[in-house]
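Subject: Handing over a structure, with notes on what was found

Dear colleague,

I am passing on to you the structure shown below, and I would ask you to keep it open while you read the notes that follow it.

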Amino acid sequence: MKKNLTIIGITITIMLASVICFNKVYAANETNTSTQADSTLVELKEKEMSSIEDYEETYGSRSYGLTAYILHKVQVYSIPFCFLGILVGAIYDYVLGIKHLETKEKGLALMVSFITIAVICQILPLVFTIVVKFGRE
């Protein structure tokens with residue numbers, strides 16, 4: 001049963017990754033001229049700069065705003081990274097660890113590590129906000 005769930009998880013991950021890769025190639029083929037690509041990059045830069053400015057206004061300082069922005073990006077990008085790490089740990093634990101106890105322990109350690117990293121990355125922006133907002137008063 002655990003093998004089947006792991007294999008299903010791997011296939012879903014591979015399908016999602018292939019869809020994302022093909023969409024990026026399709027989007028890259030649509031922007032043939034360099035002016036369109038330049039305007040898109042300028043728009044992305046302006047959007048990110050306005051986002052950083054919003055954080056600066058919210059926190060009242062450039063350094064706090066930049067720190068909050070970086071923590072938010074870490075929070076967003078840690079989700080798929082940790083999901084893949086947990087998936088690799090599950091493969092080691094449930095698929096490869098059937099015959100080798102050392103591999104099973106390695107898989108369990110990987111899963112615990114990535115779950116810990118995920119929890120820390122998700123809670124850290126909240127802790128930062130609480131400390132900055134209520135600690136400075």
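Before anything else, please keep in mind that this is a predicted model.

I begin with F128, which is buried, with a relative accessible area of 16%. The rings of F81 and F114 have their centres 5.5 Å apart and their planes at 70°, so these two form an edge-to-face pair. This pair links distant parts of the chain, since F81 belongs to helix 3 and F114 to helix 4, 33 residues apart. As for F114, its relative accessibility is 14%, and F114 therefore counts as buried.

The search of the whole structure found 4 aromatic pairs, and the one formed by Y64 and F128 brings us back to the residue with which I began. Here the ring centres are 6.2 Å apart and the planes stand at 65°, so this pair, too, is edge-to-face. Because Y64 lies in helix 3 (residues 62-95) and F128 in helix 4 (residues 101-135), the pair ties together parts that are 64 residues apart in sequence. Whereas F128 is buried, Y64 is partly exposed, with a relative accessible area of 29%. Y59 joins Y64 and F128 in one aromatic cluster, and over the face of Y59 lies K133, at 5.5 Å from the ring centre.

Helix 3 deserves a look of its own. Helix 3 has 34 residues and reaches 49 Å from its first C-alpha to its last, which is close to the 50 Å expected at 1.5 Å a residue. Helix 3 nevertheless bends by about 35° at S78, and a proline, P80, follows within four residues. Several residues of helix 3 are buried, among them G65, A68, S78, C82 and G89.

That brings me to the cysteines, and to a question you may well ask: why is C121 not bonded to the closest cysteine sulfur, in C82? A disulfide is a covalent bond between the sulfur atoms of two cysteines. The sulfur of C121 is 5.7 Å from that of C82, whereas a disulfide needs the two sulfur atoms within 2.5 Å, so they are too far apart for a bond. The count for the structure accordingly comes to 0 disulfides, and C82 is in none. Both cysteines are nonetheless buried, C82 at 2% relative accessibility and C121 at 15%.

With best wishes

Key. Residues are numbered from 1 along each chain as its sequence is written. This is a predicted model: local features need pLDDT of at least 70, side-chain atom pairs count only at pLDDT 80 or more; totals for chains, interfaces and linings use all residues. Side-chain values use heavy atoms; hydrogens and water are left out. Rings of Phe, Tyr and Trp (its six-membered ring) pair if their centres lie within 6.5 Å; planes under 30 degrees apart count as stacked, over 60 as edge-to-face and the rest as tilted. Helices (H or I, at least four residues) and strands (E, at least two) are DSSP runs, numbered from the N terminus. Buried means under 20% relative accessible area, exposed over 50%, partly exposed in between (1.4 Å probe, protein chains only). A charge sits over a ring if NZ of Lys or CZ of Arg is within 6 Å of the ring centre and within 35 degrees of the ring normal. The expected span of a helix is 1.5 Å times one less than its number of residues. The bend at a residue is the angle between axes fitted to the seven residues ending there and the seven starting there.
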